[in-house]
Amino acid sequence: MIPLVSPPLPAALPSGPLVSPPLPAAPPAGRTDSPSLPPAPPAGPLIPTTLPPLTAALPRLPGLRPVRPQLWLVATEAHQDTVTRFAPLVLATEELARAEEFRRSGDRATYLCAHVGLRRLLGAHLGVAPRTVSVARAPCPCCGEPHGRPVLTDGRLHFSLSHCEGLSLIAVASTPVGVDIERVPAAHTVSEASEVLHPAEAAELAALTPAHRPAAFARVWTRKEAYLKGLGIGLGADPAAEYVGAGPVPSAPPGWFLTDVTVPDGHHAAVALRR
């Protein structure tokens, strides 16, 4: 503890009236002279907005802010009828060809709904028709080849897309972003796949009762894949290399914001955003 010592009094007080020094002038309205602090990331799981079907207008899109990804949930059942009719007017030729490669009609419908939804959102942000949005592949961080994460050719904003049977999750952000949504796996899948996790994550799963492990595995896996997608390398990297945690609160890698996303029961989702 630092001792408190009173300063010595002056030998004599100055003559004349005592005048307080003038206060500094206030800054003009709308301006602050204090150093700006970086925006704080949102706390807790994020809640996505439900994307309306093609027959309904999109809500007004707010501007993109740092560490504030915009998240949209697309339910295939709610979009399938309109998307099937209008997909040829919205999607690029390559996307339509990719959709035909799916054997199961449900997987094909989910793919179409996800990509139509993505183009609608990107077109609204850019102020252009959805079909005219130009999407390319960024160079892979590992090898430099053009098979990294999807990007806009002008780099004006960043996005990520993930879908599983019947559900899709879309993220739009001002910095590189990754999302992942998965169905909670069966118990045998957890026991087989746990070996690809970080050792600390595998230990966290092993400490749980068997009944709680599938949900915890979905939690850690979606966090991990969202982060790797944000990096642009996906599962081309070793999933065990980075610790993101299997517990209720994720552990974000340095320089990243990582959090869970609230999605329907039986699924888990996460988003990772570069700060």
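**Briefing: a mixed sheet, its helices and a nonpolar core**

Helix 1 (residues 76–90) lies across strand 2 and strand 6, running at about 75° to strand 2. Helices (H or I, at least four residues) and strands (E, at least two) are DSSP runs, numbered from the N terminus. Axes here are lines fitted to C-alpha atoms, for helices over the stretch in contact (heavy atoms within 4.5 Å), and angles run from 0 to 180 degrees between N-to-C directions.

This is a predicted model, where local features need pLDDT of at least 70 and side-chain atom pairs count only at pLDDT 80 or more, while totals for chains, interfaces and linings use all residues. Residues are numbered from 1 along each chain as its sequence is written, and side-chain values use heavy atoms, with hydrogens and water left out.

**The open sheet**
- The sheet is open and has 4 strands in the order 1-2-6-5, with mixed pairing; two strands pair if DSSP finds at least two bridges between them.
- Strand 1 (49–50) and strand 5 (158–164) sit at the edges with a single partner strand each, so one side of each has no neighbour in the sheet.
- Strand 2 (residues 70–75) pairs with strand 6 (residues 167–173) in the antiparallel sense, over 6 bridges.
- Look at valine 74 for one of the bridges: its partner in strand 6 is serine 168.
- Helix 3 (residues 105–126) also packs here, lying across strand 2, strand 5 and strand 6 at about 160° to strand 5.

**The nonpolar core**
- The largest nonpolar core has 26 residues, and Leu112, Leu122, Leu152 and Ile170 have the most contacts inside it.
- Such a core is a set of buried (under 20% relative accessible area, 1.4 Å probe, protein chains only) Ala, Val, Leu, Ile, Met, Phe, Trp, Tyr and Cys residues joined through side-chain atoms within 4.5 Å.
- Helix 3 gives this core its largest share, 9 residues.
- Leucine 152 touches Leu122, Leu126, Val133, Ser134, Val135, Leu157 and Phe159, leaving aside residues up to four places away in sequence.

**Glutamate 95**
- Glutamate 95 lies in helix 2 (residues 93–100) and is buried, at a relative accessible area of 13%.
- Not counting residues up to four places away in sequence, glutamate 95 touches Tyr111, His115 and Arg119.

**The hairpin of strand 8 and strand 9**
- In strand 8 (residues 256–261), 6 of the 6 residues are buried, so this strand is largely enclosed by the rest of the structure.
- Strand 8 pairs with strand 9 (residues 267–274) in the antiparallel sense over 6 bridges, and tryptophan 256 stands opposite arginine 274.
- The hairpin has 5 residues between the strands, and glycine 266 takes a positive phi near 90°.

Key:
Buried means under 20% relative accessible area, exposed over 50%, partly exposed in between (1.4 Å probe, protein chains only).
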